[in-house]
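Student: I have just opened this structure for the first time. Could you walk me through it with a few questions and answers?

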Amino acid sequence: MTDRDSSTFKFNANPYLQVPSFYDIDGPVNPAIILGEGNFELEIGFGRGQFIRERAAAADVKILGIETKRKLVYLCAEKAKQQKLDNLVVMHGDAREVISRMQPDGVFQSVFIHFPDPWWKARHQKRKVVTDAVTEDVVRLLKPGGHYFVQTDVDFRAEEYLQILNANPHLEPVHGNGMIDENTFLARSSRERRSMELGMPVYRILFRKL
Ligand SMILES: C[S@@+](CC[C@H](N)C(=O)[O-])C[C@H]1O[C@@H](n2cnc3c(N)ncnc32)[C@H](O)[C@@H]1O
């Protein structure tokens, strides 16, 4: 076997590189082609996949998950298989790019973003997920009355997200200024659970599409 053969073998043998990726889809992405029929939901940055799997087990929905780390996509898909969950699909991609290609509008009943990283360093600001541009795409993809749920344990990020969502003319807070006390979606993310166990605050932001 030549050096080239052995490196090709290693590449193909890595299961993380075999996960379905949005980069393998050219042009528009139609969630119905991926999910089939049903009430569609979307989770951005599912990490270990605890929320998406609990949600799939608890609710009559079809959920699509987008995650930048291929390893996490693989691990979540394996766990979902063991749990015999057939109503979720997890794929690799940068959600900011993927949702900009999603069509048609008004397909999701809920969109979840739990604990997007705080990005403390100035040079990491460009990695932020909850931005005006992402919010515009989320709003476009939500059905009227659909929910946009964001959670964080970072107080100044919660303020920032509230401002971003409040500034969008097609969204309204579900309660008061948009903060809610409890997560009513029958599932929790790993970070949410850990913050609660440590007694740290969890800022929960829930808006509805008009
Ligand atoms: C702090 S972790 C939180 C994970 C999980 N949501 C939770 O609450 O336990 C943030 C996750 O978002 C993912 N992520 C960051 N930017 C992303 C992007 N642009 N598109 C998709 N996933 C992203 C990261 O890889 C990471 O798994």
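Student: Let's begin with Leu141: which residues is Leu141 in contact with, leaving aside its neighbours within four places in sequence?

Tutor: Happy to help, and keep in mind that this is a predicted model. Contact here requires C-beta atoms within 7 Å. With sequence neighbours within four places set aside, the partners of Leu141 are Ile99, Met102, Asp105, Val107, Phe108 and Val111.

Student: How many residues does the largest nonpolar core have?

Tutor: Leu141 is a good way in, as it is listed among the residues with the most contacts inside that core, along with Ile52, Cys76, Val90, Val111, Val138 and Tyr148. In soluble globular proteins, nonpolar side chains tend to be buried together. The number of residues in this largest nonpolar core is 46.

Student: Which helix gives the largest share of this core?

Tutor: Look at residues 70-82, which supply five residues, the largest share of the core. The buried residues of this helix are Leu72, Val73, Cys76, Ala77 and Ala80. The helix you want is α4.

Student: Within what arc do the buried residues of α4 fall, seen down its axis?

Tutor: An α-helix has 3.6 residues a turn, so residues three or four places apart point the same way. On the other side of α4 you find Glu78, Lys81 and Gln82, which are exposed, while the cover over its buried residues includes α3, β2 and β3. The buried residues line one face of α4, because they fall within an arc of 130 degrees.

Student: Just after α4, what value does the phi of Lys84 take, and is Lys84 buried or exposed?

Tutor: Lys84 sits in the loop between α4 and β3. Its phi is near 55 degrees, a positive value in a residue other than glycine. A residue counts as exposed with 12 or fewer C-beta neighbours within 10 Å; Lys84 has 7, so Lys84 is exposed.

Student: Which residues of α7 are exposed on the face turned away from its buried side?

Tutor: Start with the buried side, made up of Ala158, Tyr161 and Leu165. They are on the same side of α7 because they cover an arc of only 65 degrees around the axis. What covers them includes α6, β5, β6 and β8. The face turned away carries Phe156, Glu159 and Gln163.

Student: Which two residues does a cis peptide bond join?

Tutor: Look in the loop between α5 and β4, where Pro104 is found. The omega angle of the bond is about 0 degrees, and the pair it joins is Gln103 and Pro104.

Student: Which residues is Tyr16 in contact with, leaving aside its neighbours within four places in sequence?

Tutor: Tyr16 lies in the loop between α1 and α2. Its C-alpha atom is separated by 8.6 Å from that of Leu75, although the two are 59 residues apart along the chain. Once neighbours within four places are left aside, the contacts of Tyr16 are Arg70, Lys71 and Tyr74.

Student: Finally, which element gives the most residues to the shell around the ligand?

Tutor: There are 21 residues around the ligand, and Gly45, Gly47, Ala95, Ser189 and Arg191 come nearest. The elements that give two or more residues to this shell are β2, α5 and α8. By class, the shell has eight nonpolar, six polar and seven charged residues. The element that gives the most, with three residues, is α8.

Definitions and conventions:
Residues numbered from 1 in each chain as written. Predicted model: local features only at pLDDT ≥ 70, side-chain atom pairs only at ≥ 80, totals over all residues. Near = placed C-beta within 6 Å. Helix = DSSP H or I, 4+ residues; strand = E, 2+ residues; numbered from the N terminus. Nonpolar A, V, L, I, M, F, W, Y, C, P; charged D, E, K, R; others polar. Buried ≥ 20, exposed ≤ 12 C-beta atoms within 10 Å, placed from the backbone. Arc of directions from axis to C-beta. Contact = placed C-beta atoms within 7 Å. Core = buried A, V, L, I, M, F, W, Y, C linked by C-beta atoms within 7 Å.
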